[in-house]
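User: Hi! Could you walk me through this one? I'd like to start with the ligand and then look at the backbone.
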Amino acid sequence: MATKRVRAHHLAKMKQAGQPITMLTSYDALTARIFDEAGTDMLLIGDSHANATLGYDSTISIGMPEMTVATGAVARGAKRAFIVADLPFGSYESSTAEAISNAVKLIKAGANAVKLEGGIRMASTIRAIVDAGINVVAHVGYTPQSENALGGPRVQGRGSASDVVKEDARAVQEAGAIAVVLEMVPAPVAKEITDELVIPTIGIGAGEDTDGQVLVWTDMAAMTDWQPSFVKVFGQVGKALKDAATAYNEAVRSRSFPDSDHRFDK
Ligand code: KIV
């Protein structure tokens with residue numbers, strides 16, 4: 001895998017060439033390096049950092065300090081992937097000035113783009129951030145930061161509501177977004193949007209016809225016992241880690257570790 005940094009124009013070319021774009025979340029330098037070496041095209045410091053690794057119940061609690069630290073760590077770990085950092089809830093809604101100021105912080109920490117949630121209602125904010133010279137990835141369909149307003153995680157855009165998601169997708173493209181995440185959108189609606197838009201669509205729970213796919217890494221690696229129904233588990237990493245820790249504990253307790261093969265002075 002070439003180590004040349006993936007840039008926004010490469011993502012656009014991948015869409016034109018019909019080449020699927022891969023994206024995983026990452027919240028630290030360790031996983032960033034592993035996913036980067038595996039050839040992942042985009043790494044997302046998602047605000048899912050809150051519930052995936054920091055122990056919060058939802059993404060709503062996380063703020064700029066945690067997101068900025070995680071963005072710096074991922075940027076230090078990845079050489080090739082295009083790095084996208086989420087603007088957390090409360091960091092971009094009050095004013096465009098605050099949105100730009102927080103987007104700048106994430107870019108200074110090492111992100112190549114920021115992501116924010118919302119379609120038509122966020123179009124002017126996206127435009128302002130883009131005008132400040134910052135790449136924006138949009139996020140429409142189910143938007144977890146609005147979970148209270150949306151009544152919890154549920155598919156967006158069923159039946160006549162599909163027009164809302166389509167209008168949102170058109171609005172973020174018009175506002176200058178370089179890509180759009182479609183979360184929990186019916187597959188036929190996601191396909192229609194993907195066929196219509198010039199910018200790449202990255203799906204999560206949105207079927208097989210989007211230009212790319214994103215998953216929360218702790219879901220696809222089964223770090224916990226539960227995953228959303230649209231997630232496929234690609235490795236039992238949680239179990240492997242627990243097995244390793246159990247074996248270590250047993251070895252220390254039975255005094256079989258350390259042994260003469262594992263000494264700094266051997
Ligand atoms: O925070 C996140 O992990 C995300 C993905 C679900 C797209 O926004």
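User: Which residues are the closest to the ligand, and how many surround it?
Analyst: Happy to help! Keep in mind that this is a predicted model. The ligand is surrounded by 13 residues, and Gly-46, Asp-47, Ser-48, Asp-86 and Lys-115 are the closest.
User: What classes of residue make up that shell?
Analyst: The shell has 5 nonpolar, 4 polar and 4 charged residues.
User: How far is an oxygen atom of the ligand from an N or O atom in the side chain of Ser-48?
Analyst: That distance is 2.5 Å for Ser-48. Side-chain N or O atoms also lie 2.8 Å from a ligand oxygen in Lys-115 and 2.9 Å from one in Asp-47.
User: And how much of the ligand's accessible area does the protein cover?
Analyst: On its own the ligand has 260 Å² of accessible area, and the protein covers 95% of that. The space that the ligand takes is the largest pocket.
User: Switching to the backbone: what span should helix α11 have?
Analyst: Helix α11 runs over residues 237–253, and its 17 residues should span 24 Å at 1.5 Å a residue. The C-alpha atoms at its ends are 24 Å apart, so the two values agree.
User: What phi does Arg-255 take, just after α11?
Analyst: Arg-255 has a positive phi of about 60 degrees. Ala-222, in the loop between α10 and α11, also has a positive phi, near 50 degrees. Most residues other than glycine have a negative phi.
User: Is the peptide bond from Phe-257 to Pro-258 cis or trans?
Analyst: The bond from Phe-257 to Pro-258 is cis, with omega near -5 degrees. Pro-258 is in the segment after α11. For context, most peptide bonds are trans.

Technical notes: Residues numbered from 1 in each chain as written. Predicted model: local features only at pLDDT ≥ 70, side-chain atom pairs only at ≥ 80, totals over all residues. Heavy atoms only, no water. Near = heavy atom within 4 Å. Polar contact = N/O pair within 3.5 Å; in protein donor to acceptor, adjacent residues only side chain to side chain. Areas by Shrake-Rupley, 256 points an atom, 1.4 Å probe, with all protein chains shown as cover. 1 Å grid on protein atoms, 1.4 Å probe; cavity = no way out; pocket = protein on both sides within 12 Å on 5 of 7 lines; lining within 4 Å. Sits in = over half its atoms within 2 Å of the grid points. Nonpolar A, V, L, I, M, F, W, Y, C, P; charged D, E, K, R; others polar. Helix = DSSP H or I, 4+ residues; strand = E, 2+ residues; numbered from the N terminus. Expected span 1.5 Å × (residues − 1).
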